[in-house]
Amino acid sequence: MTFCELREKDVINICDCKRLGCVTDLVFDPKNGCIQALVTSSNEKLWGLLGKDCEYEIPWCKIKQIGPDIILVELEKEKGH
């Protein structure tokens, strides 16, 4: 699978069914070259004006499945939120 193929997939959190956006970047371990995390970006703006951009760094170990159209991750809510 190429990075371009990853970028076309939506990332979905299976804990709350929330869409976390699309893959925008990868984080690598400089010592061994392994992928440590996916970075996603989600534009939650209304008509592109009101709202916020959300970016998530998802540890590779939290990825549960990469399918033809989506990437399923398991991110539990932080305590206190």
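This is a short tour of a predicted model, with a suggestion at each stop for what to select and what you will find there.

**Stop 1: strand β1**

Start by selecting I12, which sits in strand β1, residues 10-13. Now add I71 to the selection. These two residues are 59 places apart in sequence, yet their C-alpha atoms are 6.2 Å apart in space. Which other residues does I12 touch, once its neighbours within four places in sequence are set aside? Its contacts are C17, K18, R19, I70, I71, L72 and V73. Keep C17 and R19 in mind, as both return below.

**Stop 2: the salt bridges**

How many salt bridges does a search of the whole structure find? There are two.

For one of them, select D10 and R19 and show their side chains. The closest N and O atoms of this pair are 3.0 Å apart. D10 is partly exposed, with 27% relative accessibility. Its partner R19 is partly exposed too, at 39% relative accessible area.

Next, select K64 and E74, whose side chains form a salt bridge with an N to O distance of 3.6 Å. K64 belongs to strand β5, while E74 is in the segment after β6 (70-73), so this pair ties together parts that are ten residues apart in sequence. Colour the two by accessibility if you like: K64 is partly exposed at 45%, and E74 is partly exposed at 28%.

**Stop 3: the cysteines**

Now select C17, the contact of I12 from the opening stop. Is C17 buried or exposed? C17 is exposed, and its relative accessible area is 65%. Add C15 and show the sulfur atoms. The C15 sulfur is the closest cysteine sulfur to that of C17, but the distance is 9.0 Å, which is too far for a bond. A disulfide here would need two cysteine sulfurs within 2.5 Å, and by this rule the count is zero. Before moving on, click on C22 as well: this cysteine is partly exposed, with 23% relative accessibility.

**Stop 4: a nonpolar patch**

For the last stop, switch on the surface and select M1, W60 and I66. Together they make a nonpolar surface patch of about 300 Å². Where is W60 in the chain? W60 lies in the loop that runs between β4 (53-59) and β5 (63-66). As for its cover, W60 is partly exposed, with a relative accessible area of 34%.

Key: Residues numbered from 1 in each chain as written. Predicted model: local features only at pLDDT ≥ 70, side-chain atom pairs only at ≥ 80, totals over all residues. Heavy atoms only, no water. Buried < 20%, exposed > 50% of the residue type's maximum accessible area, 1.4 Å probe, protein only. Patch = residues over 30% accessible without salt bridge, like charges linked within 9 Å, V, L, I, M, F, W, Y side chains within 5 Å. Areas by Shrake-Rupley, 256 points an atom, 1.4 Å probe, with all protein chains shown as cover. Salt bridge = Lys/Arg side-chain N within 4 Å of Asp/Glu carboxyl O. Helix = DSSP H or I, 4+ residues; strand = E, 2+ residues; numbered from the N terminus. Contact = heavy atoms within 4.5 Å.
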